[in-house]
Amino acid sequence: MKIYQPYGLGDCLDLLSELPQAETVILAGGTDLMPRYEQGKVLPEHLINIKHLADLQGITETENGAEIGGLTTIETLRRSGLIHRDYPALWQSTEQFAGVQIRNRATLAGNIANASPAGDTLSPLYLYHAKLKLMSRHATRTIRLEDFIAGPGETTQERGELIHSIILPRVTGSSCFYKLGLREAMAISVVNYALRYSQSAGELTDLEITAGAVAPTIVFLDALTTAVLSGETNSTVWRALIGQDIAPIDDIRASADYRRKVLGRLITHHLQNLGVVCHE
Ligand SMILES: Cc1cc2nc3c(=O)[nH]c(=O)nc-3n(C[C@H](O)[C@H](O)[C@H](O)COP(=O)(O)OP(=O)(O)OC[C@H]3O[C@@H](n4cnc5c(N)ncnc54)[C@H](O)[C@@H]3O)c2cc1C
């Protein structure tokens, strides 16, 4: 295996365009990749360690929101006043993300490119309608996150591309993130959701919910939110509508049935806490 450590973005993009795609892997924090190689996954011919690329670092407030460099670590996001103030659901997901050693290495682009339905930053990023700036030697394009993630572990990343940054629009209303894991710390989500809402005179005027680890990709619970905003108050109907938008599976962490039930209960409870009228 050959390891490359480019210091400039141009050099990195040259490598990505010249090396054979099927045998080349980008390494960022390594917290997803390294455990897989330790468990016996075949090493690639070419490994490009991108951690020295200064262009992919940091969080910038922009006219329309924020731009987060792909190499920004989860811990940097957790310490960011801007993320805490303007994107609380994303900030809360970083609070509940692994332990401090992993958070110091794990990057936001790594969490996205890994495309796990249980990736904790994904429900908030979907909720905020994040876009990705993808760069290659020959082009730069911006696409919606939901068009980038195609399925578990699958993306629409093209030959020679890397995730340069994550673009967040300015967000209105309040938002939050909830994660259910098997333990308090270092646990992958059994289910998670992110919720954004606006209220006026105690009434909900806007509501969006995204849920993770309950389908091949993050899902918007649009059937539920449309019904709640139209005045539906029956929690049995709410849970049935949630069921329409999700497709959970059985795995080592939980059964599909448990995921369906627990997500319905958590969201019902959350909406009640927001003062939404609910009848059993
Ligand atoms: C003990 C432990 C606990 C964990 N806990 C959590 C948790 O609580 N929540 C959670 O969501 N995840 C968790 N993870 C998973 C992991 O930490 C995250 O998915 C992390 O964000 C991956 O980022 P990374 O920089 O380490 O990615 P890497 O392992 O370096 O790469 C992951 C994938 O992303 C690609 N990639 C990386 N950067 C780019 C880029 N800029 N452009 C294009 N492709 C890129 C790589 O080629 C690879 O395919 C945990 C992992 C471990 C080992």
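Let me start in the loop between helix H8, residues 122-127, and strand E6, residues 131-135, which is where His 129 sits. This is a predicted model, so bear that in mind throughout. His 129 has a positive phi of about 55 degrees, and it is not a glycine. As background, most residues other than glycine have a negative phi. How exposed is His 129? It has 16 other C-beta atoms within 10 Å. Buried would need 20 or more and exposed 12 or fewer, so His 129 is partly exposed.

There is another such residue, Ala 98. Its phi is near 45 degrees, again positive in a residue other than glycine. Ala 98 lies in the loop between helix H5, residues 88-95, and helix H6, residues 100-105. With 19 C-beta neighbours inside 10 Å, Ala 98 also counts as partly exposed, because the cut-off for buried is 20.

Next, a sheet. Four strands form an open sheet in the order E11-E12-E13-E14, and the pairing is antiparallel. Which strands are at the edges? They are E11, residues 174-181, and E14, residues 219-220, each of which pairs on one side only. H5, the helix just before the Ala 98 loop, packs on this sheet and touches E11 and E12, the latter being residues 189-200. The direction of H5 makes about 25 degrees with that of E11. At the other edge, E14 is joined to E13, residues 203-212, by two bridges. Ala 211 stands opposite Val 219 of E14.

Ala 211 comes up again in the core. The largest nonpolar core has 68 residues, and those touching the most other members are Ile 50, Leu 90, Ile 166, Tyr 193, Ile 209 and Ala 211. E12 provides the largest share of this core, six residues. Leaving aside residues up to four places away in sequence, the contacts of Ile 50 are Cys 12, Ile 26, Leu 27, Ala 28, Leu 56, Leu 71 and Leu 162.

Last, a helix pair. The axes of H10, residues 222-229, and H11, residues 235-245, come within 7 Å and cross at roughly 150 degrees. Angles over 145 count as roughly antiparallel, so that is the label for H10 and H11. On the H10 side the contact is made by Asp 222, Ala 223, Leu 224, Ala 227 and Val 228. From H11 come Val 237, Trp 238, Leu 241, Ile 242, Gln 244 and Asp 245. By class, that contact has eight nonpolar residues, one polar and two charged.

Technical notes. Residues are numbered from 1 along each chain as its sequence is written. This is a predicted model: local features need pLDDT of at least 70, side-chain atom pairs count only at pLDDT 80 or more; totals for chains, interfaces and linings use all residues. Two strands pair if DSSP finds at least two bridges between them. Two residues are in contact if their C-beta atoms, placed from the backbone, lie within 7 Å. Axes are lines fitted to C-alpha atoms, for helices over the stretch in contact, and angles run from 0 to 180 degrees between N-to-C directions. A nonpolar core is a set of buried Ala, Val, Leu, Ile, Met, Phe, Trp, Tyr and Cys residues joined through C-beta atoms within 7 Å. Angles under 35 degrees count as roughly parallel, over 145 as roughly antiparallel, 65 to 115 as roughly perpendicular and the rest as oblique. Ala, Val, Leu, Ile, Met, Phe, Trp, Tyr, Cys and Pro count as nonpolar, Asp, Glu, Lys and Arg as charged, and the others, Gly among them, as polar.
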